[in-house]
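The following exercises concern the structure shown below. Each task is followed by a solution that proceeds step by step.

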There are 4 protein chains.
Amino acid sequence: MTDRPTLLRPPYVAVIGDGEAIGPDAHRILAWAEEVGQLLARGGAVVITGGLGGVMRAASRGALLAGGETIGILPGADAAEANEFVRTPIATGLGVARNLVVVTSADTVIAVGGRHGTLSEIGLALRMGRHVVGLSSWRVESDQRFGGPRIHRARGPREAAEVALRLAKDGPVQPA
Amino acid sequence: MTDRPTLLRPPYVAVIGDGEAIGPDAHRILAWAEEVGQLLARGGAVVITGGLGGVMRAASRGALLAGGETIGILPGADAAEANEFVRTPIATGLGVARNLVVVTSADTVIAVGGRHGTLSEIGLALRMGRHVVGLSSWRVESDQRFGGPRIHRARGPREAAEVALRLAKDGPVQPA
Amino acid sequence: MTDRPTLLRPPYVAVIGDGEAIGPDAHRILAWAEEVGQLLARGGAVVITGGLGGVMRAASRGALLAGGETIGILPGADAAEANEFVRTPIATGLGVARNLVVVTSADTVIAVGGRHGTLSEIGLALRMGRHVVGLSSWRVESDQRFGGPRIHRARGPREAAEVALRLAKDGPVQPA
Amino acid sequence: MTDRPTLLRPPYVAVIGDGEAIGPDAHRILAWAEEVGQLLARGGAVVITGGLGGVMRAASRGALLAGGETIGILPGADAAEANEFVRTPIATGLGVARNLVVVTSADTVIAVGGRHGTLSEIGLALRMGRHVVGLSSWRVESDQRFGGPRIHRARGPREAAEVALRLAKDGPVQPA
């Protein structure tokens, strides 16, 4: 990995979460995702998502309506599958393996709620040296303490966006 | 997905974990991985690993010396990178994305210890509908209860192998 | 695949070719790639490349200096590997498998020169239903005539850009 | 890449081709694929295919009935999708990206007929340093002569198997 002492491009932050928010918390999760997207865009970040519905659409909506740039890394081969708030769709044709691209293309990752797909992205993000900020998302613990990236738990969208923007400026860390 | 009412082929069980076991528990983790491999082979299972060192090598060693079949799904492009206990190396050239193949090619997954790469495989396994048996591995929890596959915590190698073999016979479940 | 009757977003055209143009034709190949990038940007297209050197850098340079948008789909995990004319780097971490993303994310593909990596992208593009315009690139023939996408040979950068822009407006075709 | 001076494991040869042989040559293509599989197995090789129908099934059938080992690298997530002559199914969940695994896991590749998916595998094989033997398959030419792996055209199944077995013993070459 090359040094990245100065970030000449804007920070890239991925927002991950369920494509179909369900359950008693669905409304709150989507509202949070939209606010996270809005705050990231105001903070100058490019918002990356998986490009589909639910949390991905809410975060893209928040960012685009705030004047931000939104990238959608789609599992399928057709850019038209992207939700209407994705400005730059990337159709990968990779299926589930696109989860790796969603997190690797970002400097930092925010997880809002989420099911097993989100857990896989959290694991892949840490594996690739990206810090993860969790907002009402998976609690993940190990007996051992590893160096490298960590999961930072945030209490609300404002804290999540602030922590992610700060960590993004530091760039990726050496994976554990 | 097609039905799989009768499993005509042997069960395929992936054993995942650190490629370079370190820390105070390293000796116990490797001994457990080898015993898991041995018990799986005796139970008639094919043992799949990532094909490299540490837990992958220990599990392959246990299985091969017990007369079992061992498959190594390698990240690189050279089959010669496989450890000497892998009978069937599959060089993927995929890098980290090979983690998806390790778990998808298995009916059930056993995680023995492990760092961030192992966490990514646990998430991907659940995403693909594979049950995971954890042995001194990641504790993963969500506020919500999802249907679909689960993480089963085992207290020792014998319990891990038994649970994995039983679950493998049931086949994959609908992902949450 | 969903219908795509109206292309609301700009056409996405991938320019593929050698990362390190060599041989007697190197100078001409790079000049052509830059002119192709320039003409595509003037035609309103987003230019996608693999984000590295050689033809990828030349095409990005042509497009960016003409005021266009440039996306670089990188094989590695570090966005800083992108050449300086890529405005939107997508670090995939996929290695060679990123070749699939380069062509799938585009509506049409232009190959300028190129070695075996370029041939793999031509094959993947056709497999994914994308037309390919070849400029001093691989000649590929089969005994059989298949329906679906085709390789169109162009005599110069202007013809290549014109054909690609026209085909991009028609959208992907059913793969053979 | 590590040295591979002595091949302690059997040669791995991938047989690629159409999953649904059609056209006037379909019968001959399938008969050739089956004979290729048979000859490879008799020559001591493990036969790798994409695990589905058409040429993949014919080659697996030839190899398995001759007492050989057959591996099927499947695009989907369900091992039950493999044809009945695949002894070791590897469900990848990668979709088209599994084409990279089919060729990278082999020492040499034989293409029998084939459409665009086969062309993508030929390109990927050469990119990964694997020689390709073509049997009534794509003719692929470039203005330039590159070092590295080549496409060898065979006139019949016997020549194809012989050339592939000989090249497999030499191991992969440096990609151009």
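**Exercise 1.** By what turn and what shift along the axis can chain D be laid on chain C, and with what RMSD?

*Solution.* The model is predicted: local features need pLDDT of at least 70 and side-chain atom pairs pLDDT 80 or more, while totals for chains, interfaces and linings use all residues. Residues are numbered from 1 along each chain as its sequence is written, chains are lettered from A and ligands numbered from 1 in the order in which they are written, and side-chain values use heavy atoms, without hydrogens and water.

Step 1. Copies are superposed by least squares on the C-alpha atoms of residues with pLDDT of at least 70 in both. A turn of 180 degrees with a shift of 0.0 Å along the axis lays chain D on chain C, and the RMSD is 0.0 Å.
Step 2. The two copies are therefore related as by a two-fold rotation axis.
Step 3. In chain D, the C-alpha nearest this axis belongs to D:Val140, at 2.3 Å.
Step 4. Both copies use the same surface, since 100% of the contact residues of chain D recur in chain C; contact means heavy atoms within 4.5 Å.

**Exercise 2.** In what order do the seven strands of the open sheet in chain B stand?

*Solution.* Step 1. Helices (H or I, at least four residues) and strands (E, at least two) are DSSP runs, numbered from the N terminus; two strands pair if DSSP finds at least two bridges between them.
Step 2. The order in chain B is β4-β3-β2-β1-β5-β6-β8, with parallel pairing.
Step 3. β4 (88-91) and β8 (151-153) of chain B each have a single partner strand, so one side of each lacks a neighbour in the sheet.
Step 4. Neighbouring strands are turned against each other by 25 degrees on average, direction ignored; axes are lines fitted to C-alpha atoms, for helices over the stretch in contact, and angles run from 0 to 180 degrees between N-to-C directions.
Step 5. Helix α4(B) packs on the sheet, where β1, β5, β6 and β8 of chain B are touched, and its direction makes about 150 degrees with that of β1(B).

**Exercise 3.** Describe the surroundings of strand β5 (residues 108-112) of chain B.

*Solution.* Step 1. Five of the five residues of β5(B) are buried, that is, under 20% relative accessible area (exposed is over 50%, partly exposed in between; 1.4 Å probe, protein chains only).
Step 2. One side carries B:Thr108, B:Ile110 and B:Val112, and the other B:Val109 and B:Ala111.
Step 3. β1 (residues 12-17) of chain B runs parallel to β5(B) and is joined to it by five bridges; B:Gly17 has B:Val112 as its bridge partner.
Step 4. Four bridges pair β5(B) with β6 (residues 132-135) of chain B, again in the parallel sense, and B:Ala111 stands opposite B:Gly134.

**Exercise 4.** Where is D:Asn83 placed, and is D:Asn83 buried or exposed?

*Solution.* Step 1. D:Asn83 lies in the loop between β3 (70-74) and β4 (88-91) of chain D.
Step 2. Its relative accessibility is 8%, so D:Asn83 counts as buried.
Step 3. A polar atom of the D:Asn83 side chain lies 2.7 Å from the backbone oxygen of D:Leu52, and the side chain reaches the backbone nitrogen of D:Phe85 at 2.8 Å.
Step 4. Leaving aside neighbours within four places in sequence, the contacts of D:Asn83 are D:Gly51, D:Leu52, D:Met56, D:Arg57 and D:Ser60.

Definitions and conventions
A polar contact is a pair of N or O atoms within 3.5 Å; within protein, one must be able to donate a hydrogen and the other to accept it, and residues adjacent in sequence count only if both atoms are side-chain atoms.
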